[in-house]
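Visitor: Before I ask anything in detail, could you put the model on the screen and take me through it step by step?

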Amino acid sequence: MIHFSKEHQLFRETVKHFIAREITPYIEQWDDQRGFPRELYKKMGNEGYLGLTYPETYGGSELDFWYTVILMEEVGKIRAGGIPMSLTVQTDIATPPIFLHGSHELKERFLRPAITGDAIGA
């Protein structure tokens, strides 16, 4: 059984509040528009959600993987499949290869803006 720390639980609460404030009220509107605003990435980047485990050198938070698990658990509860999928592509598909295999220059050019929400990886 996994036992999350007090810090993990506080993080979960901040994610829940972010989703309740920035996503849930707009789901129907975004559904009608067949998309959601790119600004959501920037808002998530401002909260640090797009670079939880990445080094501070590139704008990340250097947190343990359980923070990502918590984020994905809460994002997965959003009642609009495209939003969780798109955010997961950003955090877990588009950016890991850049971090693992990219040069410092490529990380500065692509990883940092993806972590801050200034660029969308896919």
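Guide: This is a predicted model, and a loop is a convenient place to begin: the one between α2 and α3 holds the residue R34.

Visitor: Is R34 buried or exposed?
Guide: R34 sits in the loop between α2 and α3, and its phi is positive, about 60°, although R34 is not a glycine. Most residues other than glycine have a negative phi. The relative accessible area of R34 is 80%, and because a residue over 50% counts as exposed, R34 is exposed.

Visitor: How does E62 count in terms of relative accessibility?
Guide: E62 belongs to the loop between α3 and α4, and E62, a residue other than glycine, has a positive phi near 55°. Its relative accessibility is 49%, and because the class between 20% and 50% is called partly exposed, E62 counts as partly exposed.

Visitor: Which residues does I78 contact, leaving aside its neighbours within four places in sequence?
Guide: I78 is found in the loop between α4 and α5. Its relative accessible area is 8%, and because buried means under 20%, I78 is buried. With neighbours within four places in sequence left aside, the residues in contact with I78 are I19, I23, I27, I83 and P84.

Visitor: What separates the C-alpha atoms of I78 and L106?
Guide: Along the chain, I78 and L106 are 28 residues apart. In space, their C-alpha atoms are separated by 32 Å.

Visitor: Where in α5 does the kink lie?
Guide: α5 has 20 residues, and from its first C-alpha to its last it reaches 28 Å, close to the 28 Å expected at 1.5 Å a residue. The helix nevertheless has a kink of about 45°, shortly before the proline P96, and the residue at which this kink lies is T95.

Visitor: Against which helices do the buried residues of α5 pack?
Guide: The buried residues of α5 include I83, P84, L87, Q90, T91 and A94. An α-helix has 3.6 residues a turn, so residues three or four places apart point the same way. The partners against which the buried residues of α5 pack are α2, α3, α4 and α6.

Visitor: How far apart are the end C-alpha atoms of α6?
Guide: α6 has a kink of about 30° at F110, shortly before the proline P113. The 13 residues of α6 should span 18 Å at 1.5 Å a residue, and this agrees with the distance between its end C-alpha atoms, which is 17 Å.

Visitor: What covers the buried residues of α6?
Guide: In α6, the buried residues are K107, L111, P113, A114 and I115. Just after this helix, G117 takes a positive phi of about 85°. As for what covers the buried residues of α6, the elements include α3 and α5.

Visitor: Which element gives the most to the lining of the largest pocket?
Guide: The largest pocket has a volume of about 190 Å³, and of the 15 residues that line it, the closest to its centre are T53, Y54, T68, T91 and D92. Two or more lining residues come from each of α4 and α5. With five residues, the element that gives the most to this lining is α5.

Visitor: How many nonpolar residues are in the lining of the largest pocket?
Guide: Sorted by class, the lining has one charged residue and four polar ones. The number of nonpolar residues in that lining is 10.

Conventions. Residues are numbered from 1 along each chain as its sequence is written. This is a predicted model: local features need pLDDT of at least 70, side-chain atom pairs count only at pLDDT 80 or more; totals for chains, interfaces and linings use all residues. Side-chain values use heavy atoms; hydrogens and water are left out. On a 1 Å grid over the protein atoms alone, a cavity is a set of points where a 1.4 Å probe fits but cannot get out, and a pocket is an open set with protein on both sides within 12 Å along at least five of seven lines; lining residues have an atom within 4 Å of a point. Grid points are joined across faces, edges and corners, and a volume is the space filled by probe spheres set on the points. Helices (H or I, at least four residues) and strands (E, at least two) are DSSP runs, numbered from the N terminus. Ala, Val, Leu, Ile, Met, Phe, Trp, Tyr, Cys and Pro count as nonpolar, Asp, Glu, Lys and Arg as charged, and the others, Gly among them, as polar. The expected span of a helix is 1.5 Å times one less than its number of residues. The bend at a residue is the angle between axes fitted to the seven residues ending there and the seven starting there. Buried means under 20% relative accessible area, exposed over 50%, partly exposed in between (1.4 Å probe, protein chains only). Contact means heavy atoms within 4.5 Å.
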